[in-house]
Amino acid sequence: MRIDVITIFPEYLAPLELSLIGKARMDGLIDVHLHNLRDYTHDRHRTVDDTPVGGGAGMVMKPEPWAEAFADVLASGKGESDDRSASPLVIFPNPAGEPFTQRAAEQRAEEPWLIFACGRYEGIDERVYEYLADQGVRVALSSLGDYVLNGGEVAVLAMTEAIVRLVPGVVGNPESIVEESHTSGLLEYPLYTKPARWTSPDGVQRDVPEVLLSGHHARIQKWRHERSLERTAERRPDLLEGRE
Ligand SMILES: NCc1ccc(-c2ccccc2)nc1
């Protein structure tokens, strides 16, 4: 999988060099390229934004640098091995986007080439989206939740981690992926590890639930499923709608 990120803060994406993602890059499983949008400006101040037409607070990202950046990235990616010739999916993190869920992460993990475009300020001139669509480029706006950040970079880090960990070979033990609660559609059951009895700093002796020490897998599975249902009903009843 090739991942390109276009941003005015490439340093924000430095964590992509680390740990899981970093190892996947070392293993050649993913290929990450960062592009500074300001490299596609031609004025002394490397201007990427301007005031909103029609008035309003804040600034809007100008269309010209984006068009130049996409032209460069689309051209550079196409030159790679043949599976890059597949058309890329361009993802704009955006509060007005479709919810980014585990299902979406699974779908994105199938793509051979993702291009993340990080907006800043109040957002990007609408004509950039129209232009890309007219060029036949597949575009998705994805939201991580109903809150506004100062830009898309943090969302790209989150989405990249959720997607890349699903790419075969990236996570050592695929079991830990399948087990994922959001794959079951329910919230994760309570987790425990050793010691079986922990005396916390306040002097309270806290034991692991007996059933988990029974070695009786059917009972353990039943207990875990019941706890998942309980938690989901309490914290995310919306996930239970439409379930049998
Ligand atoms: N849903 C998380 C999210 C994603 C992106 C942005 C954002 C903010 C400013 C400019 C461009 C994108 N905010 C929140």
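**Exercise 1.** In this predicted model, work out whether Phe 9 is buried, partly exposed or exposed.

*Solution.* Start with the relative accessible area of Phe 9, which is 29%. Buried would need under 20%, and exposed over 50%. The value falls in between, so Phe 9 counts as partly exposed. Try Tyr 12 in the same way: its relative accessible area is 36%, and that makes Tyr 12 partly exposed too.

**Exercise 2.** Classify the ring pairs Phe 9 with Tyr 12 and Phe 70 with Phe 92.

*Solution.* Two things describe a pair of aromatic rings: the distance of the centres and the angle of the planes. There are five aromatic pairs in the structure. For Phe 9 and Tyr 12, the centres are 6.2 Å apart and the planes sit at 50 degrees, so this pair is tilted. Now take Phe 70 and Phe 92: with 6.1 Å centre to centre and 55 degrees between the planes, they form a tilted pair. Phe 70 belongs to helix 2 and Phe 92 to strand 5, so the pair ties together parts 22 residues apart in sequence. Both Phe 70 and Phe 92 are buried. Finally, they share one aromatic cluster with Trp 66 and Tyr 129.

**Exercise 3.** Find out which element gives the most to the largest nonpolar core.

*Solution.* This core has 31 residues, and Phe 116 and Ile 163 have the most contacts inside it. Next, look at the suppliers of at least two residues each, including strand 1, strand 6 and helix 5. Helix 5 gives the most, with seven residues. As a last step, check Phe 116: beyond its neighbours within four places in sequence, its contacts include Ile 3, Val 156 and Ile 163.

Conventions. Residues numbered from 1 in each chain as written. Predicted model: local features only at pLDDT ≥ 70, side-chain atom pairs only at ≥ 80, totals over all residues. Heavy atoms only, no water. Core = buried A, V, L, I, M, F, W, Y, C linked by side-chain atoms within 4.5 Å. Buried < 20%, exposed > 50% of the residue type's maximum accessible area, 1.4 Å probe, protein only. Helix = DSSP H or I, 4+ residues; strand = E, 2+ residues; numbered from the N terminus. Contact = heavy atoms within 4.5 Å. Phe/Tyr/Trp six-rings, centres within 6.5 Å; stacked < 30°, edge-to-face > 60°.
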